[in-house]
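Reader: Hi! I am new to this and would like a close look at how the inside of a protein is put together. Could you pick one part and take me through it slowly?

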Amino acid sequence: MAVCIAVIAKENYPLYIRSIPAEQELKFHYTVHTSLDVVDEKVSAMGKALVDQRELYLGLLYPTEDYKVYGYVTNSKVKFVMVVDSSNTALRDNEIRSMFRKLHNSYTDVMCNPFYNPGDRIHSRAFDNMVTSMMVQVC
Amino acid sequence: MPAMADETLFQLLHTQVVAAAYGAGRGSGDEGLRAGLTVLEGMGFRVGQGLAERLPQGALAFREELDTIKFLCRDLWGAVFGKQTDNLRTNHQGTYILQDNNFPFLTQMAWGQQYLEEAPKFLAFTCGLLRGTLSSLGIESSVTASVTSLPA
């Protein structure tokens, strides 16, 4: 049950951010912004450690009493951040991974759209619909 | 098989794109040539950005620059031209030379030196493609191409 989904560009500005319910949008903006630090930390930690495996999925970034924040970074350093309600404990890691994979695929489609300039905010309806389907299924 | 026709189709399309970039009265001489090259390279750049998102699907994040260049030589060349580059050299200080002895866009041209001046037009798109992919993957670069003899 995703409560907020955000796509952050390489330069750390948001390309797309959507949350439900809409009144708490500001709070989620703030949460996503603070989670970026954690993302950077994980990415640089992975770079320095001599780990063979480097995964795109970053996992749980940090939990609070209300919700948990998950992260995913692509090869072009675009980050996806997902805020999930803690009350729904049935969501397993696999499901989060598959949600991120769907996000990545939709983002790739947006990128390949010739009318889309990389760096602009995402206005694609297909992307919107996919995100809505991920958020609604949670409720 | 549909997969094999992809490369031929892409080559034919590319030939027409080059012709169109120069055909629409863009002016002759040096400025015309440069304008056409810029247009082609810009096209390649945007395509490269899209490709950089799509190609590494499922691949692990690249750990260092060399990984990215190797990905270019193997996966990108394989996806776009159906083969891999023949040789990769580096001076370990940021310069990489990718060598392809049978570059698909140029194999259809006549043997010998006669069309050597025309060759850059057919390489501009590919240069842009590489630059776009690299920039999407986080590496700012400048890509130049050189042809020694046709077909190359």
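**A close look at the core of chain A**

Author: Happy to! Let us start with the parts list: chain A has 3 helices and 5 strands. Going along the sequence, they come in the order β-β-α-β-β-β-α-α. Please keep in mind that this is a predicted model. The predictor gives the whole complex an ipTM of 0.72 and a pTM of 0.78.

How much of chain A is buried? Of its 139 residues, 46% are. Now look at where its contacts reach: taking those between residues at least 6 apart in sequence, 55% join residues at least 24 apart. Chain A has an accessible surface of about 7,200 Å², and carbon and sulfur atoms account for 54% of that.

Now to the part I picked. The largest nonpolar core contains 27 residues, and Phe100(A), Leu103(A), Tyr107(A) and Phe127(A) have the most contacts inside it. Several elements of chain A supply at least two residues each: strands E1 (2-8), E2 (14-19), E4 (67-73) and E5 (79-85), together with helices H2 (93-112) and H3 (125-136). Which of them gives the most? That is H2(A), with 7 residues.

So H2(A) deserves a moment of its own. With 20 residues at 1.5 Å a residue, H2(A) should span 28 Å, and its end C-alpha atoms are 29 Å apart, which agrees. The buried residues of H2(A) are Ile96(A), Met99(A), Phe100(A), Leu103(A), His104(A), Ser106(A), Tyr107(A), Thr108(A), Val110(A) and Met111(A). As you read along that list, a rule about helices is handy. An α-helix has 3.6 residues a turn, so residues three or four places apart point the same way. Try tracing Phe100(A), Leu103(A) and Tyr107(A) in the picture; they are among the residues with the most contacts inside the core.

Let us zoom in on Tyr107(A). Which residues does Tyr107(A) touch, once its neighbours within four places in sequence are set aside? Within chain A, the partners are Val7(A), Leu15(A), Val78(A), Phe80(A), Ile122(A) and Phe127(A), and Glu53(B) joins them from the other chain.

There is also a second, separate core, made up of 21 residues, including Leu40(B), Leu51(B), Phe81(B) and Ile139(B). Chain B has 4 helices and 2 strands, arranged from the N terminus as α-α-α-β-β-α. In chain B, 36% of the 152 residues count as buried. Its contacts can be described in a similar way: 60% of those between residues at least 6 apart join residues at least 24 apart. The average pLDDT of chain B is 76, and 80% of its residues score at least 70.

Charged side chains add another kind of link to the picture. Side chains of opposite charge can pair when their charged atoms come close. Across all chains, there are 3 salt bridges. In chain A, Arg18(A) pairs with Asp128(A), with 3.4 Å between the closest N and O atoms. Arg18(A) sits in strand E2 and Asp128(A) in helix H3, so this pair ties together parts of chain A that are 110 residues apart in sequence. Look back at the core and you will find both E2 and H3 among its suppliers. Are the two partners buried or partly exposed? Arg18(A) is partly exposed at 25% relative accessibility, and Asp128(A) is partly exposed at 23%.

In chain B, Arg131(B) and Glu41(B) form a salt bridge, their closest N and O atoms being 3.1 Å apart. Arg131(B) belongs to helix H4 (residues 119-136) and Glu41(B) to helix H2 (residues 29-54), so the pair ties together parts of chain B that are 90 residues apart in sequence. Arg131(B) is partly exposed, at 24%, whereas Glu41(B) is buried, at 18%. Another salt bridge joins Lys83(B) and Asp100(B), at 2.4 Å from N to O.

One last stop, back in chain A: the loop between E1 and E2 holds Asn12(A). Most residues other than glycine have a negative phi. Asn12(A) has a positive phi of about 70°, although it is not a glycine. With a relative accessibility of 33%, Asn12(A) counts as partly exposed.

Methods:
Residues numbered from 1 in each chain as written. Chains lettered and ligands numbered in written order. Heavy atoms only, no water. Core = buried A, V, L, I, M, F, W, Y, C linked by side-chain atoms within 4.5 Å. Buried < 20%, exposed > 50% of the residue type's maximum accessible area, 1.4 Å probe, protein only. Contact = heavy atoms within 4.5 Å. pLDDT = per-residue confidence, 0-100. Expected span 1.5 Å × (residues − 1). Salt bridge = Lys/Arg side-chain N within 4 Å of Asp/Glu carboxyl O. Areas by Shrake-Rupley, 256 points an atom, 1.4 Å probe, with all protein chains shown as cover.
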